[in-house]
Amino acid sequence: MHMFRSSLMILVLLTLVTGIAYPLLVTGLANVIFPTQSMGSLILQDNRIIGSSLIGQSYQNDNYFYGRPSVTAEMPYNALASGGSNLAISNPLLTKELTERSAALKQYEPDGGDTLPVDLLTASSSGLDPHISVAAALYQAPRIAKNRQLPLDKVKSLIADNTQTPLFRFLGEPVVNVLELNIALDQYPWEANSQSH
């Protein structure tokens with residue numbers, strides 16, 4: 001009986017410490033030290049949430065940059081179904097998907113150039129990646145410039161202004177957050193009216 005009581009007390013104590021006190025402490029500290037990040041790195045525009053800098057979005061409008069392919073269930077960039085396709089490089093289905101994406105990309109971006117950025121062909125392991133490489137953004141730049149009636153150099157300048165470089169080179173390559181780039185694009189005046197994405 002004594003052993004049972006001791007075990008029960010330890011269970012209750014550990015539950016209070018690790019299940020309640022510690023999570024509340026960490027959440028409280030995060031809200032104080034990193035308020036934006038702890039709330040999901042939400043991006044507001046005109047006092048309404050338009051997305052998160054941590055989760056990609058699907059863009060169907062030719063006036064916007066788009067991100068990596070997403071293979072999340074039901075719809076692209078579904079944060080409730082995060083995950084990749086889990087197809088091995090030896091899987092014929094992956095080869096078929098890459099061939100189809102490559103053909104579609106060349107047709108959609110005829111002025112993009114001969115070298116297809118790999119991140120526009122492959123999905124990220126989470127299916128939610130909000131970033132693309134600088135090469136992927138530059139690949140889309142001619143279409144954006146044409147559709148928005150902007151000088152190509154201005155579009156490239158917007159890409160450069162929205163490029164995030166890691167503190168140390170070995171931590172990764174420079175990337176562009178697609179949502180933030182599209183917001184910057186909308187803030188630049190162009191002849192046609194901006195359309196919703």
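Let's start with the largest pocket, which has a volume of about 440 Å³. Keep in mind as you look around that this is a predicted model. Twenty-one residues, written here as 21, line the largest pocket, and Tyr59, Tyr66, Gly67, Arg68 and Pro69 are those that lie nearest its centre. If you wonder which element gives the most to this lining, turn to helix α3 (residues 92–108), which supplies four residues. The lining of the largest pocket has a mixed character: 11 of its residues are nonpolar, six are polar and four are charged.

From the open pocket we can move to enclosed space. The count comes to one cavity of 30 Å³ or more, and the largest cavity holds about 30 Å³ of space. Around the largest cavity you will find Ser52, Ile55, Gly56, Gln57, Tyr59, Pro130, Asn177, Val178 and Leu179. Tyr59 is worth picking out on your screen: this residue is in the lining of the largest cavity and also lies among the residues nearest the centre of the largest pocket. The lining of the largest cavity divides into five nonpolar and four polar residues, with no charged ones, whereas the lining of the largest pocket includes four charged residues.

Now let's step out to the surface. Here Met1, Phe4, Leu8, Leu11, Val12, Leu13, Leu16, Val17, Ile20 and Leu24 form a nonpolar patch, and together they have about 1,000 Å² of accessible area. One of them, Leu24, has its place in helix α1 (residues 2–33). Is Leu24 buried or exposed? Leu24 counts as exposed because its relative accessibility is 59%, and the cut-off for exposed is over 50%.

Terms used
Residues are numbered from 1 along each chain as its sequence is written. This is a predicted model: local features need pLDDT of at least 70, side-chain atom pairs count only at pLDDT 80 or more; totals for chains, interfaces and linings use all residues. Side-chain values use heavy atoms; hydrogens and water are left out. On a 1 Å grid over the protein atoms alone, a cavity is a set of points where a 1.4 Å probe fits but cannot get out, and a pocket is an open set with protein on both sides within 12 Å along at least five of seven lines; lining residues have an atom within 4 Å of a point. Grid points are joined across faces, edges and corners, and a volume is the space filled by probe spheres set on the points. Ala, Val, Leu, Ile, Met, Phe, Trp, Tyr, Cys and Pro count as nonpolar, Asp, Glu, Lys and Arg as charged, and the others, Gly among them, as polar. Patches are made of residues with over 30% relative accessible area and no salt bridge: like charges are joined within 9 Å, nonpolar side chains (Val, Leu, Ile, Met, Phe, Trp, Tyr) within 5 Å. Accessible areas come from the Shrake-Rupley method with a 1.4 Å probe; for residues, only the protein chains shown count as cover. A salt bridge is a side-chain nitrogen of Lys or Arg within 4 Å of a carboxyl oxygen of Asp or Glu. Helices (H or I, at least four residues) and strands (E, at least two) are DSSP runs, numbered from the N terminus. Buried means under 20% relative accessible area, exposed over 50%, partly exposed in between (1.4 Å probe, protein chains only).
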